[in-house]
Amino acid sequence: MNKTAANTHSHVKEPLIRIVKRDGLKLSKLVLVYVGAILLAMIIGCILLASMGVNPFKFYEKMLTIGVVGNAFPYKCFEGYIKLFTPLLIVSVALSLAFRMKFWNVGGEGQFIVGALVAGWISAIIGESAPSFLVLILMSLGGAIAAGFYGSIASVLKVKFGTNETLMTLMLNYIALYLIMFFGETKADWNILLNEDSARPIFKTFFENAWMPVIKIGSFSLNISLIIAFVITALIFVYLKKTKQGYELSVVGDSISTANYAGMKTGRIIIRTVFISAFLIGLAGAFYVSTAHSLSTSVTNDVGWTGVIVAWLSKLNTLAIVVTSALISILRYGCTQAAAEFASVDSHFADLLQGIILFSVLACDFLTRFKVIINLKRRKSHE
Amino acid sequence: MAAEYAIELKNINKSFGSVAANKNISIGLRRGEILALLGENGSGKTTLMNMLSGIYKPDSGSIFVDGEEVLINSPEDSKRLGIGMVHQHFKLVEKFSAADNIWLGAEKTGLFLKKSRYKKIEEMASRFGFEIDASKLVSNMSVSEKQTLEILKVLYYGANIIILDEPTAVLTVQEIRKLFSVLRKMKEDGHSIIIITHKLDEVMDISDRVAVLRKGEYIDTVNTADTNQQQLTELMVGKKIDLNIERVKTEKKLPLLEIRDLTVNNDENAVAIDHVNFYIRGGEILGVAGIAGCGQKELCEAIAGLRPVQSGMIIHEGENIIGWTPKKIIEKGISMSFIPEDRLGMGLAPSLSIIDNMLLKKYNDSKGIFVDRVQGKADADRVIKELSVVTPSANTPVRLLSGGNVQKVLLGREISSGPNVIVTAYPVRGLDINSSYAIYDILNAEKRKGTGILFVGEDLDVLLALCDKIMVLCHGKVMGIVHAHKTTKEELGLMMTGALDYNDEKAFGIAKDSRINEKTEAGGEPNE
């Protein structure tokens, strides 16, 4: 083989495509790349819409304005939008807390359900008799604390036995989901969550004392939970940037051996942070049922999953999460609004379009880190 | 086949992002010579060689083998051209035998694994003058056996151009000597060899010519016979450098840290440190020598309270600190810095800024719930200034700094906490000459202040020059503690492999003026 080395390499050709690492892009270029990605996805959406016989421009107009244009009750659109946006914002911020610590909490769905369920139960017990502010506070705290403990199952197991938190939180989602289905379908004397007047098992509407208060601005009702969500976001921003606990969780996320080395109690930090994360998600669940005035087996609206996507797209940056969750909510709510207008488009088209957009944004993420070089003038070694 | 060079590189360029790793490099390897490729860390030696082995592709430039231009798109191409590379970090399957590791990449081995492969490979090995047990599992091999296997592997694949990337970094003096005689024999057989190293005495010993790189640029190629270490250093660093390391003289002080009969387990629960005795006085540097992974890490972690101790005592200023939390040990004035192979693993949080890293051990000292970053900024600015850390700002994440600056940040923080015992492992790992000497100066300055220093090192020349005493570990046991000015590299090498053991001759590691019973006895200061 040695002596023929010079002859055996004669047919080697340079490769057509090469991938080369590049430095970070400037912010302006980065924004441009993402806008391009969204446009690309919308063009694909255009083709799909056109093939279904829908005018894509009308559809997009309706979608991007969340159905406000040409609506007799435009404030209703804003209210619906806020109802979707508030839980997504809280859940995304809460998840980013755990993610920063590299604790992959994909149990947002389950924690949200637990928060909603416990809040619903509390409202069923005391909603009729107790004063409204007390009902609301107990519902929120009860739901949040219950969810906090529910989330802690995974973190405690991880700290004590080194279990995988992704699997654990994922499995706990199904337990919570089947639990709420069980309560929703079991007609029994003890089940105070169901409507007594109905023969079929359906969740009952909450007493008025358990309704999330609103601030009336003309005919538009501003849900208080939106304001609280913004306050929580601001608090978490400060928590991460300024406090000792926020500092600790960044160190643990960055290098757990360094955290140990510095004398931090890493187990406690993990359990504490995951508790806060799940606590906030449970709070969002309580807020949501209090806003919707009733429980439902589809109470989460996939917020636990969407929150993961929002947190990732925002690179766990709290301010970016506000913007991203607002945009994703426009996409989701706008799409359902637009789909209602066009008979041939199912509301599931929103999910499809969202999937395409996320896919192209994530693909562009690759382009921000790597350069693809296409070599058309390929050199050959000598024949 | 009349070409002068077995392999020739012309105008090679390679960049990673905005970092140019190789700038317009042209180097030739003559047939049947040993060429040393010399350069500091980050000068682009490994990048250049990885382009020969098909791992990277040059952005521009040409490669000639036997005078013909070739393209190397993959390791396969490289193998076909007769180029074999022995990487610094071995590329072996731990759970496979020696023979199977070679078989893995060999061509025309057939569908089934036959017993005859062991014999085939042993025969081939003895033809080259190696002795190996072809059925031995890699996981049971010593470092030098693994390296032999790597060399055998490339020979078996028919390589006649052999590249060795820092092959001596993990070997003892005796093993290096053996390796060099193997290389000389290979050269006589007509192989052409490139050896990457930054140890000058080895360059002088083994090579015919030396090619020098500096910061990704080609500087010069000189005949080894016509040069000396001082000239090579100047070529490598770009300026004159005093290669002497100072051993500061201090007055003898009381033992600060005494280790008595210490046994510590590793992560696999096997004994890593085995009934070890030693002590460090104030104003003294105790060196620790040993082959990689013979208990250094476990010892450091045990002292810092990061690893449970099986038995024995760790006495700091007369107090047993076993069972104390890492936090309490830090507060007592024991600082531990360990530079692992990835250089960022323990001691620093890579994604956090210099400021945040300065606060790592004292963020909790301020009152209230907020982190005091004003203090952190002051610390960071001081360390940046005093140790001349090169960084865009104090807010820069540590992982973006170069290796030397990362290590300066780490040591700077440790020293700024005013410790009385410094445990430092591999503080100059991967650093260039300038930065290394800056670190030695820092340690010597601490020594003058009366700090007791435990210096775990890998370069015996440095240990010999810098330390007062050297303790040699072999498989977790202390083979002996010797005075640095009385011992030799050969003696240390023998102790590192366990061939020389002073345990039978005399007791060591227990101070005459030990403070261990100071509290239980009269309570007064013992007489020096």
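Tutor: A residue is called buried if 20 or more other C-beta atoms lie within 10 Å of its own, exposed if 12 or fewer do, and partly exposed in between, with C-beta atoms placed from the backbone. The model is predicted, and local features need pLDDT of at least 70, side-chain atom pairs count only at pLDDT 80 or more, and totals for chains, interfaces and linings use all residues. Residues are numbered from 1 along each chain as its sequence is written, while chains are lettered from A and ligands numbered from 1 in the order in which they are written.

Student: What percentage of the residues of chain A count as buried?

Tutor: Of its 383 residues, 43% count as buried.

Student: Why is helix H9 of chain B called mostly covered?

Tutor: Helix H9, residues 296–303 of chain B, is called that because eight of its eight residues are buried, each therefore meeting the cut-off of 20 or more. Among them are Leu299(B), Cys300(B) and Ile303(B), together with the charged-class Lys297(B) and Glu298(B); that class comprises Asp, Glu, Lys and Arg, whereas Ala, Val, Leu, Ile, Met, Phe, Trp, Tyr, Cys and Pro count as nonpolar and the others, Gly among them, as polar. Just after H9(B), Gly305(B) takes a positive phi of about 80°.

Student: What makes two residues of chains A and B count as being in contact?

Tutor: Their C-beta atoms, placed from the backbone, must lie within 7 Å, and 39 residues of chain B are in contact with 30 residues of chain A. By class, the side of chain B that touches chain A has 19 nonpolar, 11 polar and nine charged residues.

Methods: Helices (H or I, at least four residues) and strands (E, at least two) are DSSP runs, numbered from the N terminus.
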